Amino acid sequence: GTMSQAMRAGVPQLIQPIAWDQFDNAARCQDLGIGLCLNVKNYQAANIAAALVTLSQASFRERAKLLSERFDPDLDPFEKASQAIESLALRKSPREMG
């Protein structure tokens with residue numbers, strides 16, 4: 001959800017993971033060159049400011065823009081998910097088909 005929407009926006013991200021898949025998402029974002037990660041212990045004003053300066057560099061902006069172009073601009077993911085759910089709901093079960 002959130003990370004894919006950030007990627008779709010084409011904006012470099014500063015991530016402070018706290019739990020669950022956030023650490024993996026942060027690592028992937030860094031590996032892609034579209035974001036930086038600060039852990040809770042290092043999430044302080046001076047470190048945040050330095051990270052934001054780094055993220056404003058052209059290389060981060062260019063990579064984020066290139067990645068965002070891989071997303072279909074006409075695709076509404078919520079509409080697509082709704083259509084898939086409705087399609088499944090309208091199918092007859094094998095029991096009904098006899």
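**Exercise 1. Determine how many salt bridges a search of the whole structure finds, and describe each pair.**

*Solution.* The search of the whole structure yields two salt bridges. The structure is a predicted model.

Step 1. In one bridge, arginine 28 pairs with aspartate 24, and the closest N and O atoms lie 2.7 Å apart. A salt bridge requires a side-chain nitrogen of Lys or Arg within 4 Å of a carboxyl oxygen of Asp or Glu. Side chains of opposite charge can pair when their charged atoms come close.

Step 2. Arginine 28 and aspartate 24 both belong to helix H2 (residues 22-32), and because they are four residues apart there, about one helical turn separates them. Aspartate 24 has a relative accessibility of 37% and therefore counts as partly exposed.

Step 3. The other bridge joins glutamate 69 to lysine 65, with 2.5 Å between the closest N and O atoms. Glutamate 69 is partly exposed at 48% relative accessibility. Lysine 65, with a relative accessible area of 48%, is partly exposed as well.

Step 4. For the charges of the chain as a whole, the mean positions of the 11 positive and 11 negative charges are 4 Å apart.

**Exercise 2. Establish the order of the secondary-structure elements and decide whether the chain is a compact globule or more spread out.**

*Solution.* Step 1. The chain contains six helices and two strands. Read from the N terminus, the order is α-β-α-β-α-α-α-α.

Step 2. For 98 residues the globule rule gives 13 Å, whereas the radius of gyration of the chain is 19 Å, well over that value, so the chain is more spread out than a compact globule.

Step 3. The C-alpha trace spans about 65 × 30 × 20 Å along its principal axes.

Step 4. Buried residues make up 20% of the 98 in the chain. The accessible surface comes to about 7500 Å², and carbon and sulfur atoms account for 56% of that area.

Step 5. Among contacts with a separation of 6 or more, 55% involve residues 24 or more positions apart.

**Exercise 3. Classify leucine 55 and leucine 67 as buried or exposed, and list their contacts beyond four places in sequence.**

*Solution.* Step 1. Leucine 55 is located in helix H3 (residues 45-55). Its relative accessible area is 6%, so leucine 55 is buried, the limit for this class being under 20%.

Step 2. Beyond four places in sequence, leucine 55 touches Pro12, Gln13, Leu14, Gly35, Leu36, Phe60 and Arg61. Between the C-alpha atoms of leucine 55 and glutamate 86, which are 31 residues apart along the chain, the distance is 41 Å.

Step 3. Leucine 67 is part of helix H4 (residues 58-68). With a relative accessibility of 13%, leucine 67 also counts as buried.

Step 4. With neighbours within four places set aside, the contacts of leucine 67 are Met7, Leu32 and Ile34. Leucine 67 and asparagine 42 are 25 residues apart along the chain, and their C-alpha atoms are separated by 28 Å.

**Exercise 4. Locate tryptophan 20 and state what is notable about its phi.**

*Solution.* Step 1. Tryptophan 20 is in the loop that links strand E1 (13-15) and H2.

Step 2. The phi of tryptophan 20 is near 50°, which is positive although the residue is not glycine. Most residues other than glycine have a negative phi.

Step 3. At 78% relative accessibility, tryptophan 20 is exposed, a class that begins over 50%.

Technical notes. Residues numbered from 1 in each chain as written. Predicted model: local features only at pLDDT ≥ 70, side-chain atom pairs only at ≥ 80, totals over all residues. Heavy atoms only, no water. Rg over C-alpha atoms; globule rule 2.2 N^0.38 Å. Buried < 20%, exposed > 50% of the residue type's maximum accessible area, 1.4 Å probe, protein only. Contact = heavy atoms within 4.5 Å. Areas by Shrake-Rupley, 256 points an atom, 1.4 Å probe, with all protein chains shown as cover. Lys, Arg positive; Asp, Glu negative; His and termini not counted. Charge placed at Lys NZ, Arg CZ, Asp CG, Glu CD.
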